[in-house]
Amino acid sequence: MSISGLLVLMVFLQTVSTEELEETVCQDEIAELDCPSGHTVQVKTAMFGRTDKRICKRRNIPNPDNCTAPNTLSIMQEKCNLKQSCRVHATTNLFGDPCNHFSYLRVTYTCPTNYEFLRIIRCEHEVSEIECPEQQKIKIMNVLYGRKNQHTCHPTEFSMNAALETNNCASKSASDVVENMCNGLNNCRVWVESVQFNKDDGCPTTFKYLEIDYLCVD
């Protein structure tokens, strides 16, 4: 049986410890924050600067003077919260240069449990309509435009001319496209057409579908 125009509420029940995790990297390195599948990052604290001379040692670094960039926490929360993983380049271009000497980035975060993801699936040439309750906003989590199985939106039910030539193709730009159209809004509409996704799915003659996982957040 095919899946067409389906909206599914998915609840991830896997238990993950709420113990805080820590990531510390030196200036110009990349911080990697990761949570298990179905769970997302929640940044608790973040500091870019220097409060401990022993961390990321360099010659001629003055004694710690609690020099910290004031906007580090908000930057990290914007880049990482509600994502399964994120990568942040610890540079003075991003955080500023609070110390005028070599700094480091230290982040603590948790992976909250039991997030409720909504999933909507629409077939090619249909419209995906995403809507959250009043006062809540859309947060896109995962997007697939392409095809990963035979049964979802089987082409013979839609067009005699539609093809099913592969079960393994996906647009590289789908996440960026849908995030730009929907994130932060109460509702949005996405047309399921290859031109919408820059025709970069790698299977132009295959009948495709759009699968979106999202949250409704305050």
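A nonpolar core is defined here as a set of buried Ala, Val, Leu, Ile, Met, Phe, Trp, Tyr and Cys residues joined through side-chain atoms within 4.5 Å, where buried denotes under 20% relative accessible area, exposed over 50%, and partly exposed the range in between (1.4 Å probe, protein chains only). The structure is a predicted model, in which local features need pLDDT of at least 70 and side-chain atom pairs count only at pLDDT 80 or more, whereas totals for chains, interfaces and linings use all residues. Residues are numbered from 1 along each chain as its sequence is written, and side-chain values use heavy atoms, with hydrogens and water left out.

The chain contains three helices and 13 strands; helices (H or I, at least four residues) and strands (E, at least two) are DSSP runs, numbered from the N terminus. Of the 218 residues in the chain, 44% are buried. The exposed surface amounts to about 12000 Å², with 45% of it supplied by carbon and sulfur atoms; accessible areas were computed by the Shrake-Rupley method with a 1.4 Å probe, and for residues only the protein chains shown count as cover. Among contacts (heavy atoms within 4.5 Å) with a separation of 6 or more, 81% join residues 24 or more positions apart.

The largest nonpolar core comprises 20 residues, and those with the most contacts inside it are Leu 33, Val 43, Met 76, Cys 80, Phe 95 and Leu 105. Two or more residues each are given to this core by strand 3 (30-34), strand 4, helix 1, strand 6 (85-89) and strand 7. Apart from it lies another core, of 19 residues, which includes Ile 120, Tyr 145, Leu 210 and Ile 212.

Leu 33 belongs to strand 3, along which the side chains alternate: Ala 31 and Leu 33 point to one face and are buried, while Ile 30, Glu 32 and Asp 34 point to the other and are not. Such alternation between the two faces of the sheet is a property of side chains in a regular strand. Beyond its neighbours within four places in sequence, Leu 33 is in contact with residues including Val 43, Met 76, Cys 80, Val 107 and Tyr 109. Strand 3 runs antiparallel to strand 6, to which five bridges join it; in this pair Glu 32 stands opposite Arg 87.

Four strands form an open antiparallel sheet in the order 2-7-4-5, two strands being taken to pair if DSSP finds at least two bridges between them. Strand 2 and strand 5 (67-68) are the edge strands, each pairing on one side only. Strand 7 (residues 104-110) is largely enclosed by the rest of the structure, because six of its seven residues are buried. Six bridges connect strand 7 to strand 2 (residues 21-26) in an antiparallel arrangement, with Thr 24 opposite Arg 106. Strand 7 also pairs with strand 4 (residues 42-50) in the antiparallel sense over seven bridges, and here Gly 49 stands opposite Tyr 104. Strand 4 is in turn joined to strand 5 by two bridges, likewise antiparallel, with Arg 50 opposite Cys 67.

Helix 1 (residues 72-80) lies across strand 4 and strand 7 and runs at about 135 degrees to strand 4; axes are lines fitted to C-alpha atoms, for helices over the stretch in contact, and angles run from 0 to 180 degrees between N-to-C directions. Ser 103, in the loop between helix 2 (92-95) and strand 7, is buried, with a relative accessible area of 0%. Neighbours within four places in sequence aside, Ser 103 is in contact with Cys 26, Gln 27, Phe 48, Gly 49 and Arg 50.

In helix 3, the buried residues are Ala 174, Val 177, Val 178 and Cys 182. These residues lie on the same side of helix 3, because they cover an arc of only 105 degrees around the axis, the arc being that of the directions from the helix axis to the C-beta atoms. They pack against strand 9 (127-131), strand 10 (137-147), strand 12 (187-191) and strand 13 (209-217). Met 181, also found in helix 3 (residues 174-182), is partly exposed, with a relative accessible area of 29%. Outside its neighbours within four places in sequence, Met 181 is in contact with Cys 188, Arg 189, Val 190 and Gln 196. Met 181 and Ile 140 are separated by 41 residues in sequence and by 9.9 Å in space, C-alpha to C-alpha. Helix 3 is followed by Gly 184, which has a positive phi near 85 degrees.
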